[in-house]
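Q: Hi, I'm new to this one. Could you walk me through the inside of it?
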Amino acid sequence: MYAALLRLGSRMGRGSLASSVGSSVRCIATPGNPFLEGQSKTVLETMEHTGAYPRIQNYSPVGFTISNRKVFGPICVLPFCFMQWKVMRKEDICGDALSVFALHHPRIEILVLGLGDGISRLDPSVKERLLAEGIGVEITSTPHACSTFNFLMSEGRVAAAALIPVTRAM
């Protein structure tokens, strides 16, 4: 499982590692991450499998709290894992940045995109690519995306979230 997660992390970009509710690794800090001024070490941690989905508990300008774990910067949240996302602003979102959602099994029913403080438009080709993969898309602010993801998962839906931190504390 570790090898698969590390391969997935290498696809997501240099220095990214996956994090999971199951037994796996998570990245607390990565080299070059602007959210972690001066820190440049990666910490691997085994996490206990609880059988529950990742629950987004908090968001801030520096990151998120998911299932009692702090994650810095933008993140992707899947039904049983979460990882850092190498997207700093909505203009960086492209088909390749969202390819992890098309690879997930079982297929993601709906992807909730949280684009920071407010609702904004996304390049139509990105949304079309996801719809062609059979993935529904909800584009909203990050605070609303967090609660929408939690609600969908509590209903037993196969949902995912891609979240960019807010720029100001709420």
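Q: Which residues is Leu98 in contact with, leaving aside its neighbours within four places in sequence?
A: Leu98 is in contact (heavy atoms within 4.5 Å) with Trp85, Ile93, Leu111, Leu113, Val126, Leu130 and Ala162. This is a predicted model, where local features need pLDDT of at least 70, side-chain atom pairs count only at pLDDT 80 or more, and totals for chains, interfaces and linings use all residues. Residues are numbered from 1 along each chain as its sequence is written, and side-chain values use heavy atoms, leaving out hydrogens and water.

Q: How many residues are in the largest nonpolar core?
A: There are 24, and Leu98 is one of those with the most contacts inside it, a list including Leu78, Trp85 and Phe101. A nonpolar core is a set of buried Ala, Val, Leu, Ile, Met, Phe, Trp, Tyr and Cys residues joined through side-chain atoms within 4.5 Å; buried means under 20% relative accessible area (1.4 Å probe, protein chains only).

Q: Which elements supply at least two residues of this core each?
A: Among them are strand 5, strand 6, helix 2 (99-103) and helix 3 (124-132). Helices (H or I, at least four residues) and strands (E, at least two) are DSSP runs, numbered from the N terminus.

Q: OK, strand 5: which residues are buried on its two sides?
A: Ile75 and Val77 are buried on one side, Cys76 and Leu78 on the other.

Q: And how many bridges join strand 5 to strand 9?
A: Three, and the two strands run antiparallel, with Val77 opposite Ala161. Strands pair if DSSP finds at least two bridges between them. Strand 5 also pairs with strand 6 (residues 81-84) in the antiparallel sense, over four bridges.

Key:
Buried < 20%, exposed > 50% of the residue type's maximum accessible area, 1.4 Å probe, protein only.
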